[in-house]
Amino acid sequence: AKSQGRNQVQYYTAALNMHSFKHFALSNDLRKALAKDELFIQYMPRVQAQTTEILGVEALVRWNHPDWGLVSPAEFVPIAEETGLIIPIGEWVLREACKQNKRWQDMGFTSMTVSVNFSVKQLLQQNILQTIDRIVEETGLSPEYLEIEITESSFISNEKEVIHLLDELKKRKIKVSLDDFGTGFSSLYLLKQLSLDTIKIDKSFVEEILTNPVNKSIIECILSLAKAMNMNVVAEGVETAEQYAFLKSKECDEIQGYYFSRPLDIKDLEALLKSKQMN
Ligand code: C2E
Ligand code: CA
Ligand code: CA
Ligand code: CA
């Protein structure tokens, strides 16, 4: 029986492909990543479409793993969600982002909003409002300079709860945006009931603006809908001058994408802000 057990182990070991091995290793290591200071945040500018003034930055978490190198959040955020580690990690990102924006304000960059991504689990954790209140209080950031980005998936089977949460955030003047708009389930009826400040058009629509006429129509549609509902629109994933020109001509409010800037380390963002100030 003992040798059979060993064969089994060998069999499974051989059957593990690279992907599941990495997944397994990462989920083990993620537990300690925070304590070991392996996580850090980059900030990605979001600019006003007409003037290219930087109106805000989105906090994007990164993991510098000792063996695997830089691990993408697309890879480890889902693991954090599975394991529940998204709760302490998300709280850390929120605190760091608020602290950092307060520092920028004290340096004279006074009108930038910092946006923080919230996954479903985070949003629906118990006492989330108290946690947000505590962090805002602790860091001294004015709540109107904080934005929380949620996705359409938050509403699936939690509609009432999330509607209530958004109302509470609005009372506190905290902004809320709907991320990856157009990729998930969402009804216009639901959209109408939400206290949203901004919708972010998913980059998959922006990507094909010039090659796929349907995408043009979808974007035009979203823009006029948002205007009617008095919401701000951000187009994500803008990489080319042509995409930017189209969105600008359609009076999209804000742009985020590599065309203007990649996600930046704190120092690099500060250099960019300073160079913009001088113009
Ligand atoms: P997201 O919230 O949709 O963030 C935008 C992603 O698109 C970022 O990838 C950003 O670097 C990328 N992006 C922006 N503009 C362009 C562009 O012009 N071209 C291309 N090719 N990419 C662009 P990133 O940083 O890898 O993040 C991936 C996802 O991971 C995020 O998608 C978000 O869902 C999640 N994420 C990142 N940080 C956090 C966090 O702190 N908490 C949670 N819950 N999720 C996070
Ligand atoms: Ca986002
Ligand atoms: Ca997005
Ligand atoms: Ca996303």
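**Close-up 1. Burial of the residues that hold the calcium ion (ligand 3).** Buried means under 20% relative accessible area, so E236, with a relative accessible area of 10%, is buried in this predicted model. D180, by contrast, counts as partly exposed, its relative accessibility being 26%.

**Close-up 2. Coordination of the calcium ion (ligand 3).** The calcium ion (ligand 3) is coordinated at 2.2 to 2.7 Å by D179 (OD), by D180 (OD) and by E236, which is listed twice through OE. Along the chain, the donors of this ion follow the spacing D-D-x55-E. Because D180 lies in strand 6 (residues 175-181) and E236 in strand 8 (residues 232-236), the pair ties together parts that are 56 residues apart in sequence.

**Close-up 3. The calcium ion (ligand 3) and the calcium ion (ligand 2).** These two ions are 4.1 Å apart, and D179 coordinates both of them.

**Close-up 4. The hairpin of strand 1 and strand 2.** Strand 1 (residues 39-48) is mostly covered, with 8 of its 10 residues buried, and pairs with strand 2 (residues 54-65) in the antiparallel sense over 9 bridges. Within this pairing, Q42 stands opposite L60 of strand 2. The hairpin has 5 residues between the strands, and T52 takes a positive phi near 60°.

**Close-up 5. Strand 1 beside strand 9.** Strand 1 is also joined to strand 9 (residues 254-256), the two running antiparallel and sharing 2 bridges. Here Q48 has E254 of strand 9 as its bridge partner.

Note on methods. Residues numbered from 1 in each chain as written. Chains lettered and ligands numbered in written order. Predicted model: local features only at pLDDT ≥ 70, side-chain atom pairs only at ≥ 80, totals over all residues. Heavy atoms only, no water. Donors = N, O, S within 2.8 Å, 3.2 Å for Na, K, Ca; no water. Helix = DSSP H or I, 4+ residues; strand = E, 2+ residues; numbered from the N terminus. Buried < 20%, exposed > 50% of the residue type's maximum accessible area, 1.4 Å probe, protein only. Pairing = 2+ DSSP bridges.
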